[in-house]
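Work through the exercises below with the sequence and the model open. Each one sets a task and then solves it in steps.

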Amino acid sequence: MKQTVLITGSAKRVGAAIARFLASDGWEVVLHYNHSRDEALRLSNELKETYSDRKFPVIQCDLSNMDAVLSLFGRLPEGIERLHALVNNASTFHSGTIEETSPSFLRKEMGVNFEAPFFLLQSFRNSFDSGSVVNMLDAKITSNEASHAAYLLAKKNLQALTKMAALSFAPAFRVNAVAPGPVLPPPRKSDEYLKHVVDRTPLKQRVDTSDIAASVSFLLNNSSVTGQIIYCDSGLHLL
Ligand SMILES: NC(=O)c1ccc[n+]([C@@H]2O[C@H](COP(=O)([O-])OP(=O)(O)OC[C@H]3O[C@@H](n4cnc5c(N)ncnc54)[C@H](OP(=O)(O)O)[C@@H]3O)[C@@H](O)[C@H]2O)c1
């Protein structure tokens with residue numbers, strides 16, 4: 001039987017790279033999107049052409065709406081009976097120092113970056129009898145840099161949740177995380193934006209999307225690993 005994984009925010013960028021990699025590993029991949037319907041359908045068609053034994057269905061959900069989040073696994077695409085794995089990849093990345101952060105901005109950043117993965121993880125645990133989850137973090141969780149305070153605090157919470165859930169949900173479930181360094185500039189930012197981060201990394205190199213995807217694949221496939229965080233970051237977390 002084919003194993004099925006749902007990847008949030010997988011229509012493009014890092015999520016799409018993870019989808020392509022896991023598809024090549026033999027997974028059936030459910031592609032989640034919010035606004036990027038065309039890109040999700042294009043990726044689904046591309047994968048179906050390459051791997052005709054699978055369907056690569058798409059599913060829409062606004063992860064800032066917790067009612068929609070809590071009902072997501074109850075409305076999986078036709079033909080998908082259960083999930084074996086979940087990759088919490090979707091995120092928002094907005095700047096704002098502690099001084100600049102309003103209550104509504106904090107709730108918004110926490111919503112997609114922490115609350116949604118929290119309740120998807122909870123639903124996954126309550127909906128299926130076993131499985132594996134990978135949360136996408138950020139190598140900057142080891143720092144206290146406050147330029148994106150709400151985002152970073154959400155990712156720090158997600159790191160703590162990864163370990164807490166790994167312990168709580170064992171032995172039937174494994175929960176791990178990947179903490180990327182500089183992979184792609186944020187949407188609408190140039191490569192220059194990324195360059196100053198890349199130059200600061202010990203390895204002086206941009207992180208390839210395929211290295212992130214391979215890290216996710218490793219965590220999903222290694223049945224002895226839980227509560228682990230792979231820093232796939234050109235050494236950024238060491239600074
Ligand atoms: N890019 C990097 O260099 C980097 C560095 C460190 C960590 N990371 C982490 O790696 C992961 C992937 O990075 P990325 O740069 O590829 O992410 P991204 O492009 O910023 O976001 C991925 C997807 O998240 C979805 N999303 C945003 N708000 C949503 C909402 N309200 N409901 C549902 N989906 C929503 C969007 O889907 P739609 O387009 O369908 O709306 C978007 O395409 C993220 O968790 C990020 O924090 C990335």
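**Exercise 1. Which of the 28 residues around the ligand come nearest?**

Solution. The model is predicted; local features need pLDDT of at least 70, side-chain atom pairs count only at pLDDT 80 or more, and totals for chains, interfaces and linings use all residues. Residues are numbered from 1 along each chain as its sequence is written, and side-chain values use heavy atoms, with hydrogens and water left out.

Step 1. A residue is near the ligand if one of its heavy atoms lies within 4 Å of it. Arg-13, Asn-34, Ser-36, Leu-63 and Asn-89 come nearest.

Step 2. Sort the shell by class (nonpolar: Ala, Val, Leu, Ile, Met, Phe, Trp, Tyr, Cys and Pro; charged: Asp, Glu, Lys and Arg; polar: the others, Gly among them). The shell around the ligand holds 13 nonpolar, ten polar and five charged residues.

**Exercise 2. Find polar contacts of the ligand and state how much of its area the protein buries.**

Solution. Step 1. Look for pairs of N or O atoms within 3.5 Å. A polar backbone atom of Asn-34 is 2.8 Å from a ligand oxygen. At Ser-36 a polar side-chain atom takes part, 2.5 Å from an oxygen atom of the ligand. Leu-63 places a backbone N or O atom 2.7 Å from a ligand nitrogen.

Step 2. Turn to the area (Shrake-Rupley method, 1.4 Å probe). The ligand taken alone exposes 890 Å², and the protein buries 89% of that.

**Exercise 3. Place the ligand in a pocket and describe the lining.**

Solution. Step 1. On a 1 Å grid over the protein atoms alone, a pocket is an open set of points with protein on both sides within 12 Å along at least five of seven lines, whereas a cavity is a set where a 1.4 Å probe fits but cannot get out; lining residues have an atom within 4 Å of a point. The ligand sits in the largest pocket (more than half of its atoms lie within 2 Å of the grid points).

Step 2. The largest pocket has about 1600 Å³ of space, a volume being the space filled by probe spheres set on points joined across faces, edges and corners. Its lining has 49 residues, and Arg-13, Ser-91, Thr-92, Phe-93 and Pro-187 are the closest to the centre.

Step 3. Assign elements (DSSP runs numbered from the N terminus; helices H or I, at least four residues; strands E, at least two). Helices H1 (13-25), H4 (103-127), H5 (149-169) and H6 (191-200) and strand E2 (28-33) each give at least two lining residues. H6 has the largest share, five residues.

Step 4. By class, the lining of the largest pocket has 21 nonpolar, 16 polar and twelve charged residues.

**Exercise 4. Describe the enclosed space in the model.**

Solution. Step 1. The count comes to one cavity of 30 Å³ or more. The largest cavity has a volume of about 60 Å³.

Step 2. The largest cavity is lined by Phe-93, Asp-138, Lys-140, Glu-145, Ser-147, His-148, Tyr-151 and Leu-152. Three of these lining residues are nonpolar, two polar and three charged.

**Exercise 5. Report the backbone features at Arg-13 and Pro-171.**

Solution. Step 1. Arg-13 belongs to helix H1. Phi of Arg-13 is near 55°, a positive value in a residue other than glycine.

Step 2. Pro-171 is in the loop between H5 and strand E6 (173-180). The peptide bond joining Ala-170 and Pro-171 is cis, with omega about 10°.

Methods: Polar contact = N/O pair within 3.5 Å; in protein donor to acceptor, adjacent residues only side chain to side chain.
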